[in-house]
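Hi there,

I am passing on the structure we talked about, with some notes to read alongside it. Please have a look at it first, then carry on below.

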Protein chains: 2
Amino acid sequence: MKAVNVGLLGLGTVGGGTLAVLHRNADEISRRAGREIRVAAAAVRDPAKRRPVDTGGLRLTTDPRDIVDDPGVDIVVELIGGDGAARQAVLRAIDNGKHLVTANKALIALHGNTIFEKAQQRGVMVAFEAAVAGGIPIIKLIREGLAANRIEYLAGIINGTCNYILTRMQEAGDGFDRVLREAQDLGYAEADPAFDIEGTDAAHKLTILASIAFGIPLQFERVHVQGITAVGAEDIAYARELGYRIKHLGLARRTADGIELRVHPTLIPERRLIASVGGVMNAILVRADALGPTLYYGAGAGAEPTASSVVADLVDVVRAITTDPENRVPHLAFQPGSLAALPLLSIEQVETAYYLRLTVVNRPGVLAAITRIFGDSDISIDTILQKGRGRPNENVTVIMLTQETRERNMNAATAALGKLDTVTGEIARIRLERLP
Amino acid sequence: MKAVNVGLLGLGTVGGGTLAVLHRNADEISRRAGREIRVAAAAVRDPAKRRPVDTGGLRLTTDPRDIVDDPGVDIVVELIGGDGAARQAVLRAIDNGKHLVTANKALIALHGNTIFEKAQQRGVMVAFEAAVAGGIPIIKLIREGLAANRIEYLAGIINGTCNYILTRMQEAGDGFDRVLREAQDLGYAEADPAFDIEGTDAAHKLTILASIAFGIPLQFERVHVQGITAVGAEDIAYARELGYRIKHLGLARRTADGIELRVHPTLIPERRLIASVGGVMNAILVRADALGPTLYYGAGAGAEPTASSVVADLVDVVRAITTDPENRVPHLAFQPGSLAALPLLSIEQVETAYYLRLTVVNRPGVLAAITRIFGDSDISIDTILQKGRGRPNENVTVIMLTQETRERNMNAATAALGKLDTVTGEIARIRLERLP
């Protein structure tokens, strides 16, 4: 069969990795795909720049339009990132009837609904496996592998930077700032790490996962987002003592009242497989009605792991080029006309268990006052642990684990606790998921 | 679009599960597939039998030919099992131009080469996701999700019965026979458990996995197969003491000299994620050149998990019915003309590390004699542990871990050890994989 011509937008880390993998594994890939996948051209900022990858035989241009307008290009691979120039190029490529492969989570999470609608009208495919969890084929898994199931729940370690930092804080006992600097030195965190450590990146990915899991439109703006900057080394240590790990998870859950979409640090039982996923690795736990729980683990970032997804998408697109569009895998797993307008819950409506760390004055009646507040807020307490044996009227630390309660109730309880004059300093509060 | 008509061969555990999932999730499934998947008929042994699943509206027959010859049936789902009647029915269905979905690992492992060739000639698909690791979409993952990669290595817990038995032996400290009976009582082991505990079932699955991973023909007869019946409770305990778990793995590895295909119990470091996979659960670790290591975990058996794979296959087949055959995913991941005749290594050529348990007479010079034998066989010793402090001339247990060595060398060393009059009783020998 005829070779397929690919045009790359961007030749940075992932672009270079894609080129390297396509070259190195050209034989294996074409033995699988049944035809050659050839990179014909790439749009780059600086064509004169020296690159670690062989660009021989590649037409380089500085203008993405030279790629997306080129009649010789069958598939455009967008690796520019962000939702500015990338968005323009993608929309124009679709207008020109090109199929697309992208690793751009922000683009899909923020503008996917429009992009997919346009692609649908134009009869082209937009593949985005590399946008979530790097090399783990989680989009394919959920869209196709679990097609028989009603998906109930998913929980993912989907930001490698956060997972690295929390893992190192746990292993070394160091504080957040120190470990962040270490992660930056190792290249696991950006110079400006906000996007990762404040949860935005994970929220983009969760938006996409939830959409294909539940058959709902992409709704990034409805995700409750919380980063890891407030997690203390002492919280990780106390959690561990109680048999838990603290992980930064993206969680999407179907409940009787609607869908929960949330990204936040949370305690999880250390016995769960996902609790052992350390360092920069990613893992997604999915619970589906027929299949039960499954877990998918692998590299969530990096040049070649991400390229692995880009190239797998290329093979899929190549195979489906001649397929009539209504028989292709729908972009959001469900046929475009059959996405459901399931209600999304606000965070106040969400029910979880909690971990709390209080600093209290060691005085008779303190615990009674605290527990009364929880009783009044209709919150059951699972565990109370007083740390240290402070002398009378000195400060001691109290750790509490609650049972499941609405965020609203916990807000009320926390406010009331803050008013007790025996509770001094900040109240640390982290959700706890048992991952049923 | 028009509904697709499915004919089931067999309505036992998996058949019932498939029917239940197709009924319960009919809405989700057709919203994904874009059309209804309808079970029109089923071949069963006893049409009058009461079944836990609603068979209303289903034409029941005792003759599989009524299904495979029925012009109204688009896809045949073979759930008879074994390679007798199932094989006849499958070949006849292909002759009749029907697409096939099967959960039958023995059939694919033993007769897949012929079946796929015939299917290829006739232009029909044979889908077999349910044949390996139950509900985990591992076939799809390797064939499609990892299409960019040169796969180097895979190691799978792919027999739930073996994993259950080894997990319980470890947790309870009980011996093999006792735990086997417990597994039988719980329905995790068959009344005749040989097929599982002697490794045949895992070897069938490994045959299939290796073929799609490396692009080689199915070669069940070349798999080195060893079950778990010789694993002692004491070996599990000693392994644990040294930081290892004993798991029954299917291993396929690409080496410079050829492909290793082996199924056997093995020590693995307890820190590896796969070491924590307990009970009847399955998990497959895959190492690929671009992606690195990934792990896939889930239920390896059971009515609905297996049905999850059967129905996912149905959706895939439905989508690809109108695709020109050369653009469909090849049965063995690589285009039929491009399977490679890679050499397979005999077990004597395989290199692994080893765990050994010896009973020796507590006498000066015993360890010197033992270590000399290893030196003579060119085997490096990592760890020697003498258990207990037997009095002079009493028996004590010696545990040894070796570095990687060829099976051939270890056979020589074991034979020489057996000839020492200070080594009494059987020598327990289990491979050790560091899972790089």
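To start with a small puzzle: which residue stands opposite A:A42 in β3(A)? Before the answer, please keep in mind that this is a predicted model. The partner is A:L60. The two strands involved are β2 of chain A (residues 37-43) and β3(A), which pair in the parallel sense over 3 bridges.

That pair belongs to an open sheet of 6 strands in chain A, with parallel pairing and the order β3-β2-β1-β4-β5-β6. Its edges are β3 (59-61) and β6 (126-127) of chain A, each of which pairs on one side only.

Now for how the chains meet. Chain A gives 67 residues to the contact, and chain B gives 67 residues as well. Together they bury about 5100 Å², with 52% of that area on carbon and sulfur atoms. Of the area that chain A buries against chain B, 16% comes from A:R31, A:R32 and A:R319, more than from any other three residues.

On the polar side, there are 8 salt bridges between chain A and chain B. One of the contacts of this kind joins the side chains of A:E28 and B:R254, at 3.4 Å from N to O. There are also 33 residue pairs in polar contact between the two chains, counting pairs with both residues at pLDDT 80 or more.

If you want to find the contact by element, look in chain A at α1 (13-24), α2 (26-33), α6 (138-145), α10 (200-214), β12 (292-299) and α12 (303-320), which each give two or more residues to the side that touches chain B. The largest share of that side, 9 residues, is from α12(A). Sorted by class, the side of chain A that touches chain B holds 34 nonpolar, 16 polar and 17 charged residues.

Strands meet across the contact too. β12(A) pairs with β12 of chain B (residues 292-299) in the antiparallel sense, over 3 bridges. There, A:Y296 stands opposite B:Y296 in β12(B).

Finally, the symmetry. Chain A superposes on chain B by a rotation of 180° with 0.0 Å of shift along the axis, and the RMSD is 0.0 Å. That is the relation of a two-fold axis. Of the interface residues of chain A, 100% are also interface residues in chain B, so the copies meet through the same surface.

Happy browsing, and do write back with any questions.

Best wishes

Note on methods: Residues numbered from 1 in each chain as written. Chains lettered and ligands numbered in written order. Predicted model: local features only at pLDDT ≥ 70, side-chain atom pairs only at ≥ 80, totals over all residues. Heavy atoms only, no water. Contact = heavy atoms within 4.5 Å. Buried area = accessible area lost by both parts, 1.4 Å probe. Salt bridge = Lys/Arg side-chain N within 4 Å of Asp/Glu carboxyl O. Polar contact = N/O pair within 3.5 Å; in protein donor to acceptor, adjacent residues only side chain to side chain. Helix = DSSP H or I, 4+ residues; strand = E, 2+ residues; numbered from the N terminus. Nonpolar A, V, L, I, M, F, W, Y, C, P; charged D, E, K, R; others polar. Pairing = 2+ DSSP bridges. Least-squares fit on C-alpha atoms with pLDDT ≥ 70 in both.
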